[in-house]
Number of protein chains: 2
Amino acid sequence: MKVTGLEKGGLYRHFASKEQLAAEAFDFAWQSAFEERTRGIESTPNSVDKLKQFIANFVDRRPLMPGGCPIFNTAIEADDGNRLLRDRARRALSQLVTLLTGITETGIRRKEVLANTDAASLALLIISSLEGALTISRLERDRRALTSTRTYMQEHLESHVRLRSLSRTANG
Amino acid sequence: MKVTGLEKGGLYRHFASKEQLAAEAFDFAWQSAFEERTRGIESTPNSVDKLKQFIANFVDRRPLMPGGCPIFNTAIEADDGNRLLRDRARRALSQLVTLLTGITETGIRRKEVLANTDAASLALLIISSLEGALTISRLERDRRALTSTRTYMQEHLESHVRLRSLSRTANG
């Protein structure tokens, strides 16, 4: 209401329903979160480094307050209610899973990622652990959960996901 | 209200405020969640196996619906509101962190866990990743996020946390 300068009634008249309004608000919040999380990924050449960039964006770029993640807030708040909103959150999550899965699959084709990597599971693991850590960090008003998760996931990508070419290993 | 058989007004009169009522409801939900998550841990001798038991309880014992985690629900829903409730959720989280940190520290003393393990970070990592996966699984109505996280965390415990005695390694 502050943004539009409209009264509450006026704001509702612009949308079919309160649910519709909540869904539009979600889209707006999500677009900005998605841009923030994917910044610099396209210009990063290596697939594993793209995943690491995503993790760094999630942990380092964000102010701890306010807001949290639109997907998580919606997942929990609309869990047994607003279906329109829940569908928006599912679609947003799926956009994220598709992005990360695609990066890993491209990495396998380019021999930057170990061939036996389960791209979809890795995507879910990265998203789950970061989102969980964000919620814990917000509850504790302390970044430790986020920084521990970043460290663990970066190490995991180096030790279990990155395919090192023989020549690179030989050169150190 | 169903449980107590009281009318809404009657229920509120039993508690100092709506906030107090929400806090009591949280305590009740948390006690049951805590019991479920810690089942079998005390009777498991090895520290790493205790952590694995905690993960297994979290992923396997729980029905996917309904409810989710009281800490997470509260962390998100009381983020900018009910302070009494937020404090309850923080205390519950801290109970969990203390439990897992203690298991790891005992494991270090008993030479079951690698001496350089950061017990508090490991506790936060386990909790964050499981809680995140639970929320994702509930949003997707699909257990994949939970089972991927279980697999990765169990592997992490075996490869980066468990201290294998020389004799055990020699005997296979």
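No salt bridges turn up across the interface of chain A and chain B: the count is 0. That comes from a predicted model, and the rest of the picture below does too. Polar contacts do feature, though, with 6 residue pairs linked this way between chain A and chain B, both partners at pLDDT 80 or more.

So who lines the chain A side? The elements giving two or more residues to the side that touches chain B are α4 (70-77), α5 (83-109), α6 (119-140) and α7 (144-161) of chain A. Of these, α6(A) gives the most, with 15 residues. Sorted by character, the residues on this side of chain A come out as 16 nonpolar, 10 polar and 8 charged.

As for overall extent, 34 residues of chain A meet 34 residues of chain B. Between them the two chains bury about 3,400 Å², and carbon and sulfur atoms account for 66% of that area. On the chain A side, a trio stands out: Ile76(A), Leu139(A) and Tyr152(A) supply 21% of the area buried against chain B, more than any other three residues.

One charged residue is worth a closer look. Glu140(A) sits in helix α6 of chain A. Glu140(A) has a relative accessible area of 16%, so it counts as buried, the cut-off being under 20%. Within its own chain, the Glu140(A) side chain makes a polar contact with the side chain of Arg144(A), at 3.3 Å. Leaving aside residues up to four places away in sequence, Glu140(A) touches Arg90(B), Leu93(B) and Leu124(B).

Definitions and conventions: Residues numbered from 1 in each chain as written. Chains lettered and ligands numbered in written order. Predicted model: local features only at pLDDT ≥ 70, side-chain atom pairs only at ≥ 80, totals over all residues. Heavy atoms only, no water. Contact = heavy atoms within 4.5 Å. Buried area = accessible area lost by both parts, 1.4 Å probe. Salt bridge = Lys/Arg side-chain N within 4 Å of Asp/Glu carboxyl O. Polar contact = N/O pair within 3.5 Å; in protein donor to acceptor, adjacent residues only side chain to side chain. Helix = DSSP H or I, 4+ residues; strand = E, 2+ residues; numbered from the N terminus. Nonpolar A, V, L, I, M, F, W, Y, C, P; charged D, E, K, R; others polar. Buried < 20%, exposed > 50% of the residue type's maximum accessible area, 1.4 Å probe, protein only.
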